[in-house]
Amino acid sequence: MELLEAWLQNRAAFVEVSADRSMLYDVKIGTVQGSILGPVLFSLFVSPILGTTNIIAYADDTYTITSSKTKENASAELGKALTMISQWFKSSGLKVNEGKTETNTIATQ
């Protein structure tokens, strides 16, 4: 635990565009994007919700799958699942980028 705590503390970041860099600012939350530990820590953090619905998660990508005999019922079930997942993420302090959230319905016979 001390190793993880040390890895997550005392971090700084800057923004770089072309040759211009911003000032350094403290990073107090989150994990390092592109790091080896980032996906592992995310998976550990979201593990409580994984058993509550049909969710597939890897790194910061989360998918849920529903099925039903009709497209309308499947869509309604998907809406319920997405609402529950979104509420859990928000109450856990994670931000959900709803602008990048997508839904797909595939009809099978």
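Asn10 sits in the loop between α1 and β1 of this predicted model. At 81% relative accessibility the residue counts as exposed, since that value is over 50%. What sets its backbone apart is phi: Asn10 is not a glycine, yet its phi is positive, at about 55 degrees. That is worth a remark because most residues other than glycine have a negative phi.

Right beside Asn10 in the numbering comes Gln9, placed in the loop that runs between α1 (2-8) and β1 (11-13). With a relative accessible area of 41%, Gln9 is partly exposed. Take Phe89 as a reference point for this loop: Gln9 and Phe89 are 80 residues apart along the chain, and 23 Å separates their C-alpha atoms.

Ser18 brings up backbone geometry again. Here too phi is positive in a residue other than glycine, with a value near 55 degrees. The setting is another loop, the one between β2 (16-17) and β3 (20-21). Ser18 counts as exposed, its relative accessibility being 72%.

Moving on to the strands, Val27 belongs to β4, which covers residues 25-27. At 22% relative accessibility Val27 counts as partly exposed, because the buried class needs a value under 20%. Once neighbours within four places in sequence are set aside, Val27 is in contact with Arg11, Ala12 and Ala13. For Ala13, the C-alpha atom is 6.6 Å from that of Val27, although the two residues are 14 apart along the chain.

Strand β6 takes in residues 61-64, and Asp61 is part of it. Asp61 is partly exposed, with a relative accessibility of 38%. Its C-alpha atom lies 9.8 Å from that of Phe42, a residue 19 places away in sequence.

Phe42 leads on to the helices, as it is one of the α2 residues that meet α3. Helix α2 spans residues 37-50 and helix α3 residues 71-91; they pack with their axes 10 Å apart, at an angle of about 125 degrees. That angle makes α2 oblique to α3: it is over 115 degrees, so not roughly perpendicular, and not over 145, so not roughly antiparallel either. As for handedness, α2 passes α3 in a right-handed crossing.

Which residues do the meeting? From α2 come Phe42, Phe45, Val46, Pro48 and Ile49, and from α3 come Met84, Ile85, Trp88 and Phe89. Sorted by class, this contact holds nine nonpolar residues, with no polar and no charged ones.

Some of these residues turn up again when the aromatic rings are examined. The count of aromatic pairs comes to two. In one pair, Trp88 with Phe89, the ring centres are 5.5 Å apart and the planes stand at 75 degrees, so the pair is edge-to-face. The reasoning is short: ring centres have to lie within 6.5 Å to pair, and planes over 60 degrees apart count as edge-to-face. Together with Phe45, the residues Trp88 and Phe89 form one aromatic cluster. That cluster reaches across the packed helices, with Phe45 in α2 and Trp88 and Phe89 in α3. Phe89 counts as buried, its relative accessibility being 7%.

Ser86 is found in α3 as well. With a relative accessible area of 15%, Ser86 is buried, because the cut-off for that class is 20%. Apart from neighbours within four places in sequence, Ser86 is in contact with Val96 and Glu98.

Leu94 lies in the segment after α3. What does Leu94 touch, not counting residues up to four places away in sequence? The partners are Phe42, Phe45, Val46 and Phe89. These four also appear among the residues where α2 meets α3. At 24% relative accessibility, Leu94 counts as partly exposed. A further C-alpha distance involves Thr53, which is 41 residues from Leu94 in sequence and 18 Å from it in space.

Conventions:
Residues numbered from 1 in each chain as written. Predicted model: local features only at pLDDT ≥ 70, side-chain atom pairs only at ≥ 80, totals over all residues. Heavy atoms only, no water. Phe/Tyr/Trp six-rings, centres within 6.5 Å; stacked < 30°, edge-to-face > 60°. Buried < 20%, exposed > 50% of the residue type's maximum accessible area, 1.4 Å probe, protein only. Axes fitted to C-alpha atoms, helices over the stretch in contact; angles between N-to-C directions. Helix = DSSP H or I, 4+ residues; strand = E, 2+ residues; numbered from the N terminus. Parallel < 35°, antiparallel > 145°, perpendicular 65-115°, else oblique. Left-handed = near helix turned anticlockwise from the far one by under 90°. Contact = heavy atoms within 4.5 Å. Nonpolar A, V, L, I, M, F, W, Y, C, P; charged D, E, K, R; others polar.
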